[in-house]
Amino acid sequence: MSSIPSSTTSQQLWRKVKAANGLYREFTIPILETSTALYSSPFDVANVIGQTFASVSSSDSYSPAFQATKNRLERTPINFRCRQPLPYNCDFDMFELKRALSSAHNTSPGPDGISYELLRHLNEDSLVCLLYLFNRIWREQVYPTQWQEAIVIPILKPGTDPKNPLGYRPIALTSCLCKTLERVVNACLVYQLEKNKCIPLFQSGFRKGRSTLDNIITLENKIRNAFVRRNHLVSIFFDIEKAYDRTWRYGILRTLFNFGLRGNLPTFIQKLLNLRTFRVRLGGTLSAPFTQAEGVPQGSILSVTLFICRISHILNVFSPSIQASLYVDDLQISCEGSDMRMIERQLQTAVNIVKWCDSNGHSISASKSCCVHFCRKRGIHPDPEIRVRDVQIPVVPDVRFLGVIFDRRLTFLPHILHLRKRCEKSLNLLKVLSNTSLGADRASLLRVYQAIVLSRIDYGCVVYGSACNSTLKKLDPVHTICL
């Protein structure tokens with residue numbers, strides 16, 4: 001194949017590629033509509049979206065009962081002071097700093113404009129100065145106020161109305177300097193949590209040597225065992241509303257205190273969670289500053305680890321007859337048995353985790369949660385009736401769990417049909433790149449195929465590979481078209 005002759009032609013090809021893959025979107029300032037007015041100016045639109053984001057993490061979003069509990073418990077301050085030297089409170093060394101910089105991706109800079117690319121090109125003397133700065137912040141327990149600010153870019157959620165302020169997802173840009181220090185601190189925190197076994201076994205989210213496949217294979221194994229024993233297996237997949245944005249910050253610090261952490265490490269996290277602010281940016285327009293009162297900080301490296309520390313306690317609520325698993329906030333519970341009424345009683349008792357959620361600031365959405373009755377018995381069997389606050393959890397024939405669709409008879413036919421449809425959309429990119437006049441060569445096309453088509457087929461194949469041959473052959477046309 002001939003190479004692309006000019007930069008203009010290259011740009012045209014790149015636009016075609018992005019359009020074919022559904023990635024090319026021209027930016028326009030949306031017009032927002034609320035119950036009271038229309039907003040069209042960029043500054044007003046940015047302020048409305050910012051106010052919407054701030055209200056989600058506001059203390060007013062909690063229930064009145066939890067607000068009373070929150071106000072009562074927060075009167076007791078948490079003291080992380082420690083006189084004895086602890087290993088995880090020691091100064092950082094150059095190896096930890098360089099490891100943090102090498103593992104960071106080239107993301108957009110925060111309000112200070114300092115990028116990872118700039119930090120990676122610092123010479124040894126500058127790195128020594130940067131390490132000295134980080135260790136002073138660590139020892140003196142003074143957190144820079146500029147690091148508590150974030151620039152939020154609103155991204156429209158797929159299939160939502162652009163006029164609705166609730167239809168946007170916040171993408172936070174924070175200081176790369178701050179995230180570099182957070183990455184060093186996060187490695188120290190994760191090591192302590194894993195060493196002391198603070199995180200439950202069945203929490204697989206963002207842990208070394210663990211992935212979504214752990215939870216997927218565990219669920220598939222439970223279903224297969226139930227089929228062999230000719231039993232029913234009922235699984236409930238919960239949706240926790242605004243889990244990250246409504247995480248109780250005092251509860252996070254109390255959890256770290258109960259884990260026995262003292263000194264610089266928990267104090268740094270305490271400063272990190274304090275007084276978080278953000279501005280919404282639309283094009284070149286910045287909104288007024290808003291406060292993120294609760295929840296883990298948007299764009300922070302430590303956010304996921306802190307959230308896992310807090311949410312994983314929900315696994316301790318269930319009885320031994322209930323099998324539960326978590327991947328960050330994706331909660332799934334299941335119960336096996338031959339008597340559907342017994343299963344229904346066990347699960348209804350387990351659903352009383354709403355009491356744990358009520359006392360920790362979270363809430364479960366019954367309408368967005370779902371229940372699947374896995375069974376291969378012949379005849380008519382009653383489906384379970386499980387309720388959350390008098391709202392019945394809908395029973396569905398199949399559910400998408402961590403990227404794999406499980407149907408009630410475990411044929412994986414819905415998953416393979418959905419997978420084929422997604423792969424056929426990705427084939428449009430290969431069709432554009434294989435243009436005879438300005439297309440890519442064979443090796444490049446093969447790399448693109450492996451990246452955007454084969455990677456999707458490979459994910460979860462250890463589970464859906466147990467489907468019958470006639471079902472698996474429905475993926476053969478994808479390979480044929482690519483060839």
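**View 1. Glutamate 124 in helix 6 of this predicted model.** Let us start with glutamate 124, a residue of helix 6, which spans residues 124–140. Glutamate 124 is partly exposed, as its relative accessible area is 44%. Isoleucine 311 sits 187 residues away from glutamate 124 along the chain, and 41 Å separates their C-alpha atoms.

**View 2. The region annotated as "domain: Reverse transcriptase".** This label comes from an unreviewed UniProt entry and covers residues 136–406. Within residues 136–406, helix accounts for 32% of the chain and strand for 23%. The C-alpha atoms at the two ends of this stretch are 52 Å apart.

**View 3. A positive surface patch of arginines.** Here you can find Arg230, Arg376, Arg378 and Arg409, which together form the patch. Arginine 376 belongs to the loop that links strand 11 (370–374) with strand 12 (387–388). With a relative accessible area of 39%, arginine 376 is partly exposed.

**View 4. Leucine 275, a residue with positive phi.** Most residues other than glycine have a negative phi. For leucine 275, however, phi is near 50°. Leucine 275 is found in the loop between helix 10 (264–272) and strand 6 (276–282). Its relative accessibility is 58%, so leucine 275 counts as exposed.

**View 5. Leucine 402, another leucine with positive phi.** Take a look at the loop between strand 14 (398–401) and strand 15 (404–407), where leucine 402 lies. The phi of leucine 402 is about 55°, although this residue is not a glycine. Leucine 402 is buried, because its relative accessible area of 15% falls under the 20% cut-off.

How values were computed. Residues are numbered from 1 along each chain as its sequence is written. This is a predicted model: local features need pLDDT of at least 70, side-chain atom pairs count only at pLDDT 80 or more; totals for chains, interfaces and linings use all residues. Side-chain values use heavy atoms; hydrogens and water are left out. Patches are made of residues with over 30% relative accessible area and no salt bridge: like charges are joined within 9 Å, nonpolar side chains (Val, Leu, Ile, Met, Phe, Trp, Tyr) within 5 Å. Accessible areas come from the Shrake-Rupley method with a 1.4 Å probe; for residues, only the protein chains shown count as cover. A salt bridge is a side-chain nitrogen of Lys or Arg within 4 Å of a carboxyl oxygen of Asp or Glu. Lys and Arg count as positive and Asp and Glu as negative; His and the chain ends are not counted. The place of a charge is taken as NZ of Lys, CZ of Arg, CG of Asp or CD of Glu. Helices (H or I, at least four residues) and strands (E, at least two) are DSSP runs, numbered from the N terminus. Buried means under 20% relative accessible area, exposed over 50%, partly exposed in between (1.4 Å probe, protein chains only). UniProt positions are given in the numbering used here, feature names are shortened, and annotations may be inferred rather than shown by experiment.
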